[in-house]
Amino acid sequence: MKSVKRRSAPTIFVEPDIFKSYDIRGTVPDQLNPETARLLGRAFAVEIDGVNIVVGRDMRGSSEELSEAFIGGLLESGCNVTDIGLVSTDALYFAVDFLNCDGGAMVTASHNPPEYNGFKLCRAESQPLSKSDGIERMQDTIELDDFYHDRESGTRETKDILPEFVKHVLTFIKADALKPFTVVVDAGNGMAGAVLPQVFEKLPLKLIPMYFELDGTFPNHPASPIEPANLKDLQKRVLEEKADFGVAFDGDADRMFLVDENAKPLGGDVVTMLVAKSLLQKHPGATILYNLICSRAVPEVIEKYGGRPVRTPVGHSLIKPMMKSEEALFGGEHSGHFYFQKNAYADSGLIAMLLAIEVVSEEGKPLSEIVAALDPYFRSGEVNVRVRNIPKTIEKVVKEYREARINYTDGVTVSFEDWWFNVRPSNTEPLLRLNVEAESAELLEEKSSYVLALVRGRRRKAATKATTKAKAKA
């Protein structure tokens, strides 16, 4: 980042709550509006201190207006802008690398309700900005009016990047070798509806589209497939069509979740296992990253197929740099983000979907059977608990389980021989996020009830302290 001359006192106010841990996001028009977007464009130009910037947007009603204003801020700061229009976020990341740009911006609020919008920002090679590495400085630049004030205006061009992006994602599989599966895809009225038809027309698959019409009001259900309620339409359709599996994307189509032929949802960690297995068979010995919320089965599968598992904190702005520093081939998160070395270390749900389909095709077995052979565990899913004092609650958890193995990366992970859990603070809300895994459904119910009661500060009914500690093996 090039330093600029600072003025003596703050002169401009922008709602501070929009500057999040991993992106910029808020409600329209009270927190985000064209003037705010123009200022963000000018601040991004200072932070990147580059010449060539690519900008894309999703289908939300406010995205085009905010994109125009953001581009205006870049242009008046001397940047040359390539406007790639309506795209998925993973296509934006691809464009930054493919066009050799100094940075990129995607106008989107991902899975949030229609009244939200925001900006996902990255540097060259699709390296993301985070609050501690770029976003906070942008906030300072705006408040102190530390923009470029004397640069000549930049230039602007438009480009359709999707044909090149489709070619790119198809290089990850042998398309001609795929079996003619029936695949139901729920785009959630998000950007997958614009990208997926161009991909499937080149594959020997039968696509059954659901909610492919671009509509930022999300008339059918929220575009957040990590929530079980938002998968119900897809599950029903998979059974009706006797499909081989179903796929759901979030609003900006960078996250992806699978549903098997029995309509059972598969978590992001299960997809991580499938993709890791596929890639390690082609690249033995490779390094695979997985975040600390993922099942124990993930590192077990990676090691079984000759890979080197590396455990990471949660969050794309942390994992992407680690992908590069570890020279990792692939990385997966429970949240449905999947990262690929040959995709500029950026995430793409679409590439993960294609590799998962290839695994099923090569195995010649139903998806449910393949998963059953890889995954013997039972999981709670992520439970969000609102607490008054996060540090005090975590301290209480540590004290209760002091005889267990405890790891302090991203909250605390408490491990026993036959079960484990992680509890970590939310980056955006006064919440603790709890994940529990066990070797049986009965043990999962017992332990998750106990830990949840402990976190909530209520009397524990599911188990006694003595019973819990008897099973501990440090």
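Biologist: Let's start with a pair of charged residues: are R255 and D250 buried or exposed?

Modeller: Do keep in mind that this is a predicted model, in which local features need pLDDT of at least 70, side-chain atom pairs count only at pLDDT 80 or more, and totals for chains, interfaces and linings use all residues. Residues are numbered from 1 along each chain as its sequence is written, and side-chain values use heavy atoms, with hydrogens and water left out. Buried means under 20% relative accessible area, exposed over 50%, and partly exposed in between (1.4 Å probe, protein chains only). By that rule, R255 and D250 are both buried.

Biologist: Which residue meets R255 in a salt bridge?

Modeller: Side chains of opposite charge can pair when their charged atoms come close. A salt bridge is a side-chain nitrogen of Lys or Arg within 4 Å of a carboxyl oxygen of Asp or Glu. For R255, the N to O value is 3.2 Å, and the partner is D250.

Biologist: Where in the chain is R156, the salt-bridge partner of D83?

Modeller: D83 and R156 meet at 2.9 Å, N to O. D83 is buried because its relative accessible area is 8%, whereas R156 is partly exposed at 37%. Helices (H or I, at least four residues) and strands (E, at least two) are DSSP runs, numbered from the N terminus. The pair links distant parts of the chain, 73 residues apart, with D83 in strand β3 (residues 80–86) and R156 in strand β6.

Biologist: How many salt bridges does the structure hold?

Modeller: Some of them join up, as in the network that links E35, R38, R42 and E76. Another joins R151 to D49, with the closest N and O atoms 3.5 Å apart. Over the structure, the salt bridges number 27.

Biologist: Why does C101 have no bond to C122, its closest cysteine by sulfur?

Modeller: A disulfide is a pair of cysteine sulfur atoms within 2.5 Å, and the whole structure has 0 of them. The two sulfurs are too far apart for a bond, at 9.3 Å.

Biologist: What is the rough crossing angle of helices α8 and α12?

Modeller: Axes are lines fitted to C-alpha atoms, for helices over the stretch in contact, and angles run from 0 to 180 degrees between N-to-C directions. The axes of α8 (residues 268–282) and α12 (residues 367–374) come within 11 Å and cross at roughly 90 degrees.
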